[in-house]
Amino acid sequence: MKKTKFYSVHEKLGAKIVDFVGFKMPVQYTSIIAEHKAVRTSVGVFDVSHMGEIIIRGDKALDLVQYLTVNDVSLLVDGRVQYSAMCYPNGGIVDDLLVYRMSQKEFMLVVNASNKDKDYARMKENNTFGVDIIDESDQYSLLAVQGPNSKDVIEKICDRPLDLEYYHFFFAKVAGIDMIVSRTGYTGELGYELYFKGNETDAEKVWNSLFEAGKFFDIQPVGLGARDSLRLEMGFCLYGNDIDQTTNTIEAGLGWITKLKKPNFIGKDALIKVKEEGPKRKLVPMISDGKAFPRHGYELSLDGKVVGYITSGTVSPILDKAIALGYVQSEFAKEGTRINFLIRGKEIPAIITKLPFVIN
Amino acid sequence: MNIPVNLKYTKDHEWIKIEGNVGTIGISDYAQSELGDIVYVDINPELTEILLNESFGTIEAVKTVSDLYAPVTGKVLELNKRLNDEPQLINTDPYGEGWIIKVELTDLSQLNYLLDSETYQAQLGG
């Protein structure tokens, strides 16, 4: 089991540690609900160093990334980030990821920890472009600093003004350490992600500086539990829950990142077919006044018939209502449709709504 | 970990307080801490009886759902209605305001099979 460079920090803070995709990760420090609210109202820090960082470098780096991913990488300029996905030839999703354009000949792909080895292997397999593919995941630490006060906190210890637009990044020193500062995150709040290399001492220096700078804002450490409820309030997909090799980007509501007009890429033909015929099912957001908790794998029913299943669910700490994502047969997927969560044999009324669940 | 000596426990982390032939039941401090934020206690409001070792409801925490097992057989006297709106009382006061159900015991000999605080503590330690 791997540990991130913040492991001893988490232990000292008394975090509840779980095994998560091969890493010892903090799931919560105090309470998932309290940590969730800290991010929505002030600022929180997540250790997400388990994420994978893969560098693609070479004259034809752009061509390989274009071929591997569904979004149009040619639209990126240096210092910009793009949300994208890798698909199989049949349109099933290999992984969802972020593409960072470092330069014309270098990209950094940030992938899910659970998929990193699989992704890396697929990149290698499809490298007919003669570029270098380097897995730097073990070298990078990654902290997400998220919440309305995140900018004020980082700016105190950053050697340049944080004038970053959404999905942009730059290189800077934070707490005296060289890093990539990226205005991205998985919470829907104003937030930044800090990528840096170095040993445990460096990692702890960054962590401690952030908490010192954030004292005034009552900055909190936030675990994977709240990371999940925060992303779900926004309706962001989680690989393994809402998307996987059996789902395609069109039915998952990721048509907006699927650029079917760009030149050849893996999965293009299959995805064009889905788009033309219309997906048989759709990932929809649902909300319920019931207090029972919708969870991954529970069924959805309408007029006594099963019409789909839940892929992610929680009780929203902000709305105090049950919220869920799930796949529903397309004919029943319209906003406003009344549907039931099947929870331990009981039908709990819900309604198909629109995203995000929580509006900032 | 708080484990009051005046209560009896099950290996499934329920506690029961005996007063005459009335038992008040909840979950232990250890159980609430393992579950994390509790958001819903799901017990049929029409429930009239609980049966030894059988599930009489479920308790929903943010990360997981867990069955509630009856430490004894008994007739239901009262459900803690405050938990409908404040399920987090189980987190903040598991042995007090976070009690879950009160029953009238039908067979007091069942108490002999429950764990005392020391044995329960030892089980957690192991």
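A good place to start is A:Arg295, which is buried with a relative accessible area of 11%. This arginine belongs to a network in which salt bridges with shared partners join A:Arg295, A:Arg344, A:Lys346, B:Asp42 and B:Glu60. Please keep in mind that the model is predicted. The points below go from this charged network to other salt bridges, then to the nonpolar cores and the domains of chain A.

**The link between chains A and B**

- A:Arg295 pairs with B:Glu60 in a salt bridge whose closest N and O atoms are 2.5 Å apart.
- B:Glu60 sits in strand S6 (residues 55–61) of chain B, while A:Arg295 sits in the loop between strand S15 (281–288) and strand S16 (299–302) of chain A, so this salt bridge joins two chains.
- B:Glu60 has 0% relative accessibility and counts as buried, and its partner A:Arg295 is buried too, at 11%.

**Salt bridges within chain A**

- Over all chains, the whole structure holds 26 salt bridges.
- One of them brings together the side chains of A:Arg101 and A:Asp78, at 2.6 Å from N to O.
- That pair links distant parts of the chain, 23 residues apart: A:Arg101 is in strand S7 (residues 93–103) of chain A, and A:Asp78 is in the loop between helix H3 (61–68) and strand S6 (81–87) of chain A.
- A:Arg101 is buried, with a relative accessible area of 17%, whereas A:Asp78 is partly exposed, at 44%.
- A:Lys215 and A:Glu212 also meet through their side chains in a salt bridge, at 3.7 Å from N to O.
- Here both partners are exposed: A:Lys215 has a relative accessible area of 59%, and A:Glu212 has 52% relative accessibility.

**Nonpolar cores**

- In soluble globular proteins, nonpolar side chains tend to be buried together.
- In this model the largest nonpolar core has 70 residues, and A:Tyr100, A:Met108, A:Tyr195, A:Ile339 and A:Phe341 have the most contacts inside it.
- Strand S18 (residues 322–329) of chain A gives the largest share of this core, six residues.
- Another core, of 32 residues, lies apart from the largest one and includes A:Tyr29, A:Leu143, A:Val181 and A:Tyr192.
- Leaving aside residues up to four places away in sequence, A:Tyr195 touches a set of residues that includes A:Tyr100, A:Met108, A:Glu53 and A:Ser182.

**Domains of chain A**

- The assignment for chain A gives domain 1 (2–50 + 138–233), domain 2 (52–135) and domain 3 (280–355).
- The centres of domain 1 and domain 2 of chain A, taken over C-alpha atoms, are separated by 24 Å, and each of these two domains gives 15 residues to the contact.
- Domain 1 and domain 2 of chain A bury about 1,300 Å² between them, with 63% of that area on carbon and sulfur atoms.
- On the domain 1 side, A:Tyr167, A:Phe169 and A:Tyr195 lose the most area to domain 2 of chain A, together 44% of what that side buries.
- Strands S10 (140–146), S11 (169–174), S12 (177–182) and S13 (191–197) of chain A are the elements that give two or more residues to the side of domain 1 that touches domain 2.
- Across this interface of domain 1 and domain 2 of chain A there are zero salt bridges, but five residue pairs are in polar contact between the two domains.

How values were computed
Residues are numbered from 1 along each chain as its sequence is written. Chains are lettered from A and ligands numbered from 1 in the order in which they are written. This is a predicted model: local features need pLDDT of at least 70, side-chain atom pairs count only at pLDDT 80 or more; totals for chains, interfaces and linings use all residues. Side-chain values use heavy atoms; hydrogens and water are left out. A salt bridge is a side-chain nitrogen of Lys or Arg within 4 Å of a carboxyl oxygen of Asp or Glu. Helices (H or I, at least four residues) and strands (E, at least two) are DSSP runs, numbered from the N terminus. Buried means under 20% relative accessible area, exposed over 50%, partly exposed in between (1.4 Å probe, protein chains only). A nonpolar core is a set of buried Ala, Val, Leu, Ile, Met, Phe, Trp, Tyr and Cys residues joined through side-chain atoms within 4.5 Å. Contact means heavy atoms within 4.5 Å. Domain bounds come from an automatic or database domain assignment. Buried area is the accessible area (1.4 Å probe) that two parts lose on being put together, summed over both. A polar contact is a pair of N or O atoms within 3.5 Å; within protein, one must be able to donate a hydrogen and the other to accept it, and residues adjacent in sequence count only if both atoms are side-chain atoms.
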